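Subject: Structure handover

Hello,

I am passing a structure on to you, with some notes on what I found in it. Please have a look at it first, and then read on.

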Amino acid sequence: MSAFITSPHTTPKMLSNSVTRMMLLVMLALIPGYLVYIWFFGWGLIINAVLCVSTALLAEAAMLRLRQRPLWPYLTDGSALVTALLLALALPPILPWWLAVLASLFAIILAKHLYGGLGYNPFNPAMVGYAILLIAYPKYMTAWLPARHDGLSLGFMDNLRYNLFGALPDHTSYDALTQATPLDKLHIQLGLGKTVAETQASFHQFSGLYGVGWDWVSLMLLLGGLFLIYKRVIAWQIPVAMLASLALIALIAWLVNAATYPNPLFELFGGASMLGAFFIATDPVTASTTPRGRLIYGAGIGILTYVIRTWGGYPDGVAFGVLLMNLAAPTIDQYTQPRVFGHERDKSA
Amino acid sequence: MRKLWHFHGGLKLDGHKALSMQSPISRAPIPQRLTLPLQQHIGEPAQPVVEVGERVLTGQVIARAEGYISAPVHASSSGTVIAIEKRAIAHPSNIHDTCIVIDTDGQDEWVTSHETRQDYLQMEASELRNRIRDAGIVGLGGAGFPSFIKLNPGTQQVDTLIINGAECEPYITCDAMLMAERPREILDGLLIMRHALNARQCLIGIEDNKPDAIRALQDALTPEESQFIEVVTVPTRYPAGGEKQLIRTLTGQEVPSNGLPIHIGIVCHNVGTAVAIARAIHYSEPLISRIVTLTGQAIAQPMNVEVRIGTAMQDLLEHAGLDTAKLARLLMGGPMMGFIIENPDVPVIKTTNCLLAMARTEVAQEVPAMPCIRCGECTRVCPAKLLPQQLYWYARSREFDRVEAYHLFDCIECGCCAVVCPSHIPLVQYYRFAKSEIWAKDREKQKADIARERHEFHQLRLERKKREDEDRKRKKKEMLEKAARGNDDKQAAIRAAMERVNAKKAAQQQSAASNKDTSA
């Protein structure tokens, strides 16, 4: 069929869009978030990124080879690269190297290629890699470095030495070096019967706006996300619906009882909400594809994120929210078909 | 200012229109040979009414319309019919079809005088339609549907007559030039159609990238005409000139799926058709020529020419200075919906609006398609508000019932989805493939239905015969049985008679014996 060329007869200018271009723009949009993250949490992100990217590309190449697909077009499409960079951002900066490698292997081999590769995977590969690690290695996956603001910071070589060999600097212990993320900490403290105000007053994590470091990283990811919407790489419906639903529930809960439910802005800026809304949930392959469906899909992630954060046992809910809604995406698409030109509005939908 | 409506999707494309608008419309020379296909329109092919060797005059009917949806074909110039046979024609699938071939004599001798202007107001709507039909006029915008049918609203009240001068395809300028140069003829055609349809208002829709055309038409309107005719400027956005899209833009109404504009009281005709109608009614001139845009980087002097229908494309391309070394792809129509002409010897037909000779720099290199990543760009640009990614998915996996459930047949094949696809998937090809597969299945199903009906009828006949045979057998048996019963009675009677006879005999013997006794 492809030998027979029919209209449209594209001109070179029409052909300017490509998967590679979209992925490059996503990477571009990640740069501010990456820079601020490194500023606050040190070089761990770079170490993770290098490990994830190299593992992901090797795994991608190996799988393409096994599946007898051409290497060049698929390695250069940028999708494995984006998966790896998003995964690196989701991992704690201080993490044994083999966990970063393992997560990347799960993401590329299990979540992507075993389902048929680019375009065919039902679950977000980066989130599959992250979630498997979170379930299997909760100790490592919940220990973050303190933000630079707290005065404790790890140099590049120290961080590398720990990630590669598990060796800590002489004067410190693992427990002294690491701490929970603000979201996680709040969750733990609320579980111990503390109020939101008490918790926020007594721990370093909560200095700054909504979790020191996290607020700025979130802001930069928000900027990157707006850039992607402007460039029409992602659809606005998913992030808007996700953030709006998350904020709305948080607002209601906060108005009901501010002692046990944090400020909605803390929910938006204190965890992975921005990363999830603009970079994870918007992965087109695994998201809903109809305009109305994307609103429902995004809202679903927002609600699930809040529910898991508030009543679940994990430090954040974005990854599971996304994976659960990935499951629902085909059904959502089925029931949210737009009204086709010249048709009455479908009564059954 | 008229309120304009928005149609979903569409694309802003580079027009490339200035290329062919440098000089006014010229007349192409009458070619030595005309090849006139019998089917240049939607519907039944015309039937030849001339014979090989016959001399024909310009405007003479050489093939008559066959059935209702059809159009006659006229000799585009005087000459001799040298063949009626299958020749290569302009068609996406490169097929051959029956053509009447005329060697012209250069005299261009008309069959009738057509100088005197006739008054359309004296004619009934039905007479106008008959004349338009006899003139062989079909939609010149590209579809080629017989125009007289669209001028027959039946019992439907026509509110709006729309003249389509949007011309949204890149490169094509034949309508723009026609509007700029012959606005009066377009308005004349419009007035005739309005008369035939009894339309309340008339709108002429033109994309805003054609200021000359807009100005010319506005200037040509008389104050009286501007009471009911409005020249409406519409935003330049492909496919604004699609019939459904233009109707939506101008009136806010949507032509129902599977329906026609007339069902919502609207009739839409192309500007070229309007001119053809004006000439047919005023001067009894049949459709023997049309304006064709010759353009593209492989042509030295891009231009618009008035061409006799049946002229070989090759003649025109040479006329405009085709550089064969530069030519990468020759299209009939525009880049978005046109199709490739492999053999430039094929003739210009009534629906040939443009010959686009693209140079290598104008044609994008074929890039291998990547998998669909469901980004939804196609959905965003689809003017039919379809989900092209889903259609692609199901067409690819040959789930044709799903494709139909996603309204494949509302796709107008405008090509927007394929242009924006980041994975460079030739989406429209998949839709055409799915459509033709479904049509083929339908045809097969029809055949199968007919076969099944025949089979069922055959079975019925067999059963009836069997039943009749059984009936007959039963009746015969009954008769036989009856007959057999009849025999029994007879035998009983015989037996009774015999018994009676025997008894008599015995009695006689007894009495004889006693008599003997008494006599002895």
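To begin with a detail: which residue in β8(B) does Leu36(B) stand opposite? The residue is Ile100(B). Please keep in mind as you read that this is a predicted model.

That pair belongs to chain B, so let me stay there for a moment.

Strand β2 of chain B, residues 33-37, runs antiparallel to strand β8, residues 96-104, and 5 bridges join the two. Strand β8(B) also pairs with β7 of chain B, residues 79-88, again in the antiparallel sense, this time over 9 bridges. One of the residues to look for in that pairing is Thr80(B), whose bridge partner in β8(B) is Asp103(B). As a general point for viewing strands, side chains in a regular strand alternate between the two faces of the sheet.

Chain B also holds an open sheet of 3 strands, with antiparallel pairing and the order β3-β5-β6. The edges are taken by β3 (47-48) and β6 (73-74) of chain B; each has a single partner strand, so one side of each is left without a neighbour in the sheet. Strand β5 of chain B, residues 61-64, is joined to β6(B) by 2 bridges. Across that pairing, Val61(B) stands opposite His74(B).

Now for chain A, where the secondary structure comes to 17 helices and 0 strands. Its radius of gyration is 21 Å, close to the 20 Å that the globule rule gives for 349 residues, so chain A is as compact as a globular protein of that length. The C-alpha trace of chain A spans about 70 × 50 × 35 Å along its principal axes. Of the 349 residues in chain A, 52% are buried. Among contacts in chain A with a separation of 6 or more, 75% come from residues 24 or more positions apart.

One helix of chain A deserves a visit of its own: α17, residues 318-335. At 1.5 Å a residue, its 18 residues should span 26 Å, and the end C-alpha atoms are 24 Å apart, which agrees. The helix α17(A) bends by about 45° at Ala328(A), and a proline, Pro330(A), follows within four residues. Its buried residues include Phe320(A), Leu323(A), Met325(A) and Ile332(A). What do the buried residues of α17(A) pack against? They pack against α6 (125-136), α15 (273-280) and α16 (291-311) of chain A.

Enjoy exploring, and do write back with any questions.

Best wishes

Terms used: Residues are numbered from 1 along each chain as its sequence is written. Chains are lettered from A and ligands numbered from 1 in the order in which they are written. This is a predicted model: local features need pLDDT of at least 70, side-chain atom pairs count only at pLDDT 80 or more; totals for chains, interfaces and linings use all residues. Two strands pair if DSSP finds at least two bridges between them. The radius of gyration is taken over C-alpha atoms; the globule rule is 2.2 Å times the number of residues to the power 0.38. A residue is buried if 20 or more other C-beta atoms lie within 10 Å of its own, exposed if 12 or fewer, and partly exposed in between; C-beta atoms are placed from the backbone. Two residues are in contact if their C-beta atoms, placed from the backbone, lie within 7 Å. The expected span of a helix is 1.5 Å times one less than its number of residues. The bend at a residue is the angle between axes fitted to the seven residues ending there and the seven starting there.
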